[in-house]
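Colleague: Could you take a close look at the aromatic pairs in this model and then place them in the rest of the fold? A plain account will do.

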Amino acid sequence: MLIACVDMEGVLIPEIWPYIAEKTGVSELAITTREVPNYNLLVHRRMTLLKENNLTLKDLQIIVNELNPYEDAKTFLEKLEEVYEILLVSDAFFDLIQPLWKKLGSPKIECHRFVINDQGFIEDAIYVRKDKAEVIKRYKLKNIETLAIGDAFNDIGMLNAANKGFLFRPSEETANKASYLNIVYSYEDILLGL
């Protein structure tokens, strides 16, 4: 058995938070793990900003519903699935990415969830894991060969732990920190490198 652990945002779908920032006018929401490696701090800062700007989960869902996966992302997953079992390993929140996940064909997914209060605001986060490398380590314990694909700081541990990893279209900051990784700029580069 072979398994491909694939990040969503920045790999298969656009970064959601920069789009939300653009649509709401709250520019600080555009910051992602491409710029800030501490994900927990980033998530809590976003929650604070959302409350300060009176933005509920439903407001965010309406905005995210306008997005589509990257061109050829679904086809890429289908080609990858000819060799690998697919697991989307995302630090996004299912409450936000569900429509995009469906547009990708609803593959197996592991991601976080939000806690919503009675007013519809995001109150807290429920994390399914500490970091993405944990997913790879679980499969390695079962002697399952792993492929990992990610684009940001929060993917580096997963890429390092996998049998084979691809850093996909990274930001300059991420590329500088992980220049030793296999950096690719297209789905074709990944498929050719398998």
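Modeller: The model is a predicted one, and a search of the whole structure finds 6 aromatic pairs in it. One of them joins F168 and Y187: the ring centres are 5.2 Å apart and the planes meet at 5°, so the pair is stacked. The limit for that label is an angle under 30 degrees between the planes. The pair links distant parts of the chain, with F168 in strand β6 (residues 164-168) and Y187 in helix α9 (residues 187-193), 19 residues apart. As for exposure, F168 has 0% relative accessibility and therefore counts as buried. Y187 is also buried, at a relative accessible area of 8%; the cut-off for that term is 20%.

A charged side chain belongs in the same picture. R169 lies over the face of Y187, 5.8 Å from the ring centre. R169 also lies over the face of Y70, and the distance to that ring centre is 5.8 Å. Elsewhere, one aromatic cluster is formed by Y39, F93, F114 and Y127.

Two of these cluster residues lead into the sheet, since F93 falls within β2 (85-93) and F114 within β3 (109-116). The sheet is open and has 7 strands in the order β4-β3-β2-β1-β5-β6-β7, with mixed pairing. At its edges stand β4 (122-126) and β7 (183-184), each with a single partner strand, so one side of each has no neighbour in the sheet. Strand β6, which carries F168, sits between β5 and β7 in that order.

Strand β2 has β3 and β1 on its two sides in the sheet order. It runs parallel to β3, and 3 bridges join the two; V89 has E110 in β3 as its bridge partner. Strand β1 (residues 2-6) is likewise parallel to β2, joined to it by 4 bridges, and V6 stands opposite L88 in β2. Of the 9 residues of β2, 8 are buried, so the strand is largely enclosed by the rest of the structure.

Helix α5 (residues 94-103) has F94, D95, L96, I97, L100 and W101 as its buried residues. Their cover includes α1 (16-24) and α3 (57-64), together with strands β2 and β3. Just after α5, G105 takes a positive phi of about 100°.

For the whole chain, the count is 9 helices and 7 strands. The radius of gyration is 16 Å, close to the 16 Å that the globule rule gives for 194 residues, so the protein is as compact as a globular protein of that length. Along the principal axes, the C-alpha atoms fill a box of roughly 45 × 35 × 30 Å. Buried residues make up 53% of the 194 residues. Among contacts between residues at least 6 apart in sequence, 57% join residues at least 24 apart. The accessible surface comes to about 9,300 Å², and carbon and sulfur atoms account for 48% of it.

Technical notes. Residues numbered from 1 in each chain as written. Predicted model: local features only at pLDDT ≥ 70, side-chain atom pairs only at ≥ 80, totals over all residues. Heavy atoms only, no water. Phe/Tyr/Trp six-rings, centres within 6.5 Å; stacked < 30°, edge-to-face > 60°. Buried < 20%, exposed > 50% of the residue type's maximum accessible area, 1.4 Å probe, protein only. Lys NZ or Arg CZ within 6 Å of the ring centre and 35° of its normal. Contact = heavy atoms within 4.5 Å. Rg over C-alpha atoms; globule rule 2.2 N^0.38 Å. Areas by Shrake-Rupley, 256 points an atom, 1.4 Å probe, with all protein chains shown as cover. Pairing = 2+ DSSP bridges.
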